[in-house]
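User: I'd like a close look at one part of this protein, please. Take the largest pocket and the helix that gives the most to its lining, and walk me through how they sit in the rest of the chain.

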Amino acid sequence: MTSFTNNVIRIIQTIPYGKVMTYGQIARAAGSPRSARQVVRILHSMSEKYDLPWHRVINSKGEIGIRDEEMYITQKMLLESEGIRFQTERSLPLKSYSWNIDLAQVEIDFHKNP
């Protein structure tokens, strides 16, 4: 597993209940600001294995980006169960729920990132 992948997993694992992060925020915090799409791939392939709170990751517009209707409903219900309120059908007020990670509290290896 690459250092970037490891960092992404650690960051996602630390998103607290009732907070969200965007794919881009995670990529920047993991040391590769232009790798938001890679964060999507990591979430898709490793959420189950690492028990990641995948539902707490949204797009930069504050929207649920999932197109599959069933998964969209699941993500929205999980977020609402954590107290997150949506301003439209698909979007939430990002400023209200965004979590700014404290990198000092997360073990991250920036020396080996691609």
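Analyst: Happy to. The residues that line the largest pocket divide into 8 nonpolar, 5 polar and 1 charged. Keep in mind that this is a predicted model.

Let's start with the pocket itself. The space in the largest pocket comes to about 420 Å³. Its lining is made of 14 residues, and Val40, Leu43, His44, Trp54 and Ile66 are the closest to the centre. Two elements, helix H3 (36–46) and helix H4 (69–81), each give two or more residues to that lining. H3 has the largest share, with 5 residues.

So H3 is the part to look at. Which of its residues are buried? Those are Val39, Ile42 and Leu43. Looking down the axis of H3, you'd find these buried residues within an arc of 100 degrees, so they line one face of the helix. There's a simple bit of helix geometry to keep in mind here: an α-helix has 3.6 residues a turn, so residues three or four places apart point the same way. Over on the other side of H3, you'll find Arg37, His44 and Ser45 exposed. Two names come up twice in this: Leu43 is among the residues closest to the pocket centre and is also buried, whereas His44 is on that list too but is exposed.

What does the buried side of H3 pack against? Its partners are helix H1 (3–13), helix H2 (23–29) and strand S2 (57–58).

H1 deserves a stop of its own. Of its 11 residues, 8 are buried, so H1 is largely enclosed by the rest of the structure. The buried ones are Ser3, Phe4, Thr5, Asn7, Val8, Ile9, Ile11 and Ile12. They pack against H3 in turn, and also against strand S1 (21–22), H2 and S2.

H2 is the other helix that the buried residues of H3 pack against, and Gly24 is a handy residue to find there. Gly24 is buried, with a relative accessible area of 17%; the cut-off for buried is under 20%. Gly24 and Ala36 are 12 residues apart in sequence, yet their C-alpha atoms are 4.8 Å apart in space.

Past H4, the other helix in the pocket lining, comes the loop that leads to helix H5 (94–97), and Glu82 lies in it. Glu82 is buried too, at a relative accessible area of 10%. Leaving out neighbours within four places in sequence, Glu82 is in contact with Pro16, Tyr17, Gly18, Lys19, His55 and Arg56. Asp51 is 31 residues from Glu82 in sequence, and the two are 17 Å apart, C-alpha to C-alpha.

Now step back to the whole chain. It has 5 helices and 2 strands, which run α-β-α-α-β-α-α from the N terminus on. The radius of gyration is 13 Å, close to the 13 Å that the globule rule gives for 114 residues, so the chain is as compact as a globular protein of that length. Along the principal axes, the C-alpha atoms fill a box of roughly 40 × 25 × 25 Å. Of the 114 residues, 45% count as buried. As for contacts between residues at least 6 apart in sequence, 64% join residues at least 24 apart.

Notes
Residues are numbered from 1 along each chain as its sequence is written. This is a predicted model: local features need pLDDT of at least 70, side-chain atom pairs count only at pLDDT 80 or more; totals for chains, interfaces and linings use all residues. Side-chain values use heavy atoms; hydrogens and water are left out. On a 1 Å grid over the protein atoms alone, a cavity is a set of points where a 1.4 Å probe fits but cannot get out, and a pocket is an open set with protein on both sides within 12 Å along at least five of seven lines; lining residues have an atom within 4 Å of a point. Grid points are joined across faces, edges and corners, and a volume is the space filled by probe spheres set on the points. Helices (H or I, at least four residues) and strands (E, at least two) are DSSP runs, numbered from the N terminus. Ala, Val, Leu, Ile, Met, Phe, Trp, Tyr, Cys and Pro count as nonpolar, Asp, Glu, Lys and Arg as charged, and the others, Gly among them, as polar. Buried means under 20% relative accessible area, exposed over 50%, partly exposed in between (1.4 Å probe, protein chains only). The arc is that of the directions from the helix axis to the C-beta atoms. Contact means heavy atoms within 4.5 Å. The radius of gyration is taken over C-alpha atoms; the globule rule is 2.2 Å times the number of residues to the power 0.38.
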